[in-house]
Each structure stands twice: as structure tokens, then as C-alpha cells.
Amino acid sequence: MQTSRTPGMKVSSCSKPFQCTECEKQFRQLSTLTNHMKIHTGDKPYKCTICAKEFRQTTTLSNHVKIHTGEKPFHCTYCGKQFRQLSTLSNHLKIHTGEKPYECSVCGKQFRQSSTLNSHIRIHSDDKYSVKPFKCSMCPKEFRQTTTLSNHLKIHTGEKPYVCTYCNKSFRQTGTLSNHLKIHTGEKPYECSVCRKQFRQSSTLNSHIRIHADDKLSKPSPPELPTTMTTITMKLEDIKPLYTII
């Protein structure tokens, strides 16, 4: 039986047989490739009934609607923090458990999320990841990932869809809003293993840890003491009595 092809599809015999003809990215399933092609075509058939924002997938639209409704059905059992998506909760839990299941095959560095690992790998392989297929329609800037392009476009449009429920401040990205909310809640989930000081962001903790590393390096080494009696040279006449006997 012959597989029917869709525009923008190339079939190969590997474990990811469906390949995008625009950027050569490969996929295991045809449905995943079909969704991916919308990135290149710009097709966004799913519209939010509240703010008219359009999306490529129904799942993305469903998650977006929760921003308007305030629904956060997923709770962290460690700190009680709530999330709109199960995947976001799963990533958050790794902060508490310390789990970093994604390891770089080049340098062995470990990460909590596969997306962070993928970004890191580009450091080691310039040739493979030098391609930036996603171009901004408003300026010449190019990007490797659609998410980075989407966030960049908000600079041009001025869109800030993520609103703080405490002070109504708006943000372009959910991550920035999440960090901002910690100011109001007082949450500091990142703890220094040396002095137990707590921080709102992992980047601040990483900067703080360097203080301990610098202190350790700057402390002078104790003076070396003589190991044998032969190293002590003292004449007998140099030894003066403490008391004079009359």
C-alpha cells in the first residue's frame, strides 16, 4: 500500500519517515508533520472567542483560554503552586526533586527539560544547528525555534497577553509572569546547598553560588609547620631562663 503524500512532505525509511521539505525536520507521525507545516504556511485555524487570538492547534487554544478563565487545575504537592498544564507541573516538580533526566551526550551536562538540552547542544554543533528557518516578517532577524520567533514578534506588536492577577502588570511570556508572581507570593523555591539562602530564580542562585566558590579560592592556605625536629635550628646559648636564681 502506497502512502499518500501531502504538500511539504518527503517520505524516508528511517524511524522518522516524514520529513518537512521546508526545513528538513523529521517526524514519526504524519499528523505531527501536518501540524508542523502550519509554522511555514502561517495557518492558524483555531481562534479564541474572548480575544480573537489564533492558534495552530486546538490544545494550544485550550491552554490559552485558561489565561482568561484563571483556571489552574494542576497543584504541586510540595509547595501548593498551581498550573494550567500538567506538563508545566511536571517540569516544576523537578525543581523540588532535583531530577535532571536529559543529559548532553557531548559534555555530560544534565537538564530538567528536553528543550533546554536541545538549546545547549547547539553550543557543541555549529554546523547542524546554524540553520535558522524561522524568519521575522517585520525585521531581518532569524530564529531556530518557532517559540523564540513568537516571543520576538510580541516586541513588534506590543502584545503582552499574560496579566498579573495581583497588580495587573502585563508580560510577553508566561515565564516572566511566573517569576514576577513570586514577588507577590514570596515564593523562593531555589535554595543554596551551602548557606541555605533561598531565591526566586535559578539564575540568581547560580550567581550566588559563585560567592562561595570565590571565598574558597581566596582563603590563604595555612603556613606549613615543620614535620621533623631536624628543621628546627636553635643554639643552646640563645635559650634564656625565665627566672634568675639569686
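**Exercise 1. Place H120 and describe its surroundings.**

Step 1. H120 sits in helix α4, which covers residues 114-124. Helices here are DSSP runs of H or I with at least four residues, strands are runs of E with at least two, and both are numbered from the N terminus.

Step 2. Now check burial. H120 counts as buried because its relative accessible area is 11%; buried means under 20%, exposed over 50%, and partly exposed in between, with a 1.4 Å probe and protein chains only.

Step 3. Look for partners. Leaving out residues up to four places away in sequence, H120 touches C104, C107, K109 and F111. A contact here means heavy atoms within 4.5 Å.

A word on the model before you go on: it is predicted, so local features need pLDDT of at least 70 and side-chain atom pairs count only at pLDDT 80 or more, while totals for chains, interfaces and linings use all residues. Residues are numbered from 1 along each chain as its sequence is written, and side-chain values use heavy atoms, with hydrogens and water left out.

**Exercise 2. Sketch the chain as a whole.**

Step 1. Begin with secondary structure: the protein chain has eight helices and 15 strands.

Step 2. Turn to burial. The protein chain has 246 residues, and 20% of them count as buried.

Step 3. Add the surface. About 18300 Å² of the protein chain is exposed, with 51% of that supplied by carbon and sulfur atoms; the areas come from the Shrake-Rupley method with a 1.4 Å probe, and for residues only the protein chains shown count as cover.

Step 4. Finish with contact range. Of the contacts between residues at least 6 apart in sequence, 9% join residues at least 24 apart.

**Exercise 3. Compare the record with the model over two annotated spans.**

Step 1. Read the record. An unreviewed UniProt entry lists "domain: C2H2-type" for residues 18-45, 46-73, 74-101, 102-129, 134-161, 162-189 and 190-217. UniProt positions follow the numbering used here, feature names are shortened, and annotations may be inferred rather than shown by experiment.

Step 2. Take residues 46-73: this span is 43% helix and 14% strand, and its end C-alpha atoms lie 23 Å apart.

Step 3. Take residues 134-161: here the chain is 43% helix and 14% strand, with end C-alpha atoms 22 Å apart.

**Exercise 4. Which six residues make up the largest nonpolar core?**

Step 1. Recall the criterion: a nonpolar core is a set of buried Ala, Val, Leu, Ile, Met, Phe, Trp, Tyr and Cys residues joined through side-chain atoms within 4.5 Å.

Step 2. Name the members: I67, Y162, C164, F171, L177 and L181 form the largest such core.

Step 3. Follow one of them. L181 touches K72, C164 and Y166, again not counting residues up to four places away in sequence.

Step 4. Add the background: in soluble globular proteins, nonpolar side chains tend to be buried together.

**Exercise 5. Examine three salt bridges and the exposure of their partners.**

Step 1. The whole structure contains five salt bridges, each a side-chain nitrogen of Lys or Arg within 4 Å of a carboxyl oxygen of Asp or Glu.

Step 2. K47 pairs with E54, their closest N and O atoms being 3.9 Å apart. K47 is partly exposed at 48% relative accessibility, and E54 is partly exposed at 37%.

Step 3. K135 and E142 meet at 3.8 Å, N to O. K135 is exposed because its relative accessible area is 55%, whereas E142, at 34%, counts as partly exposed.

Step 4. R196 bridges to E191, with 3.1 Å between the closest N and O atoms. R196 is exposed at 55% relative accessibility, while E191 is partly exposed at 37%.

**Exercise 6. Find two non-glycine residues with positive phi and locate them.**

Step 1. A52 is not a glycine, yet its phi is positive, at about 70°. A52 lies in the loop between β4 (46-47) and β5 (54-55) and is partly exposed at 44% relative accessibility.

Step 2. N168 is not a glycine either, and its phi is about 65°. N168 belongs to the loop between β12 (162-163) and β13 (170-171) and counts as exposed because its relative accessible area is 60%.
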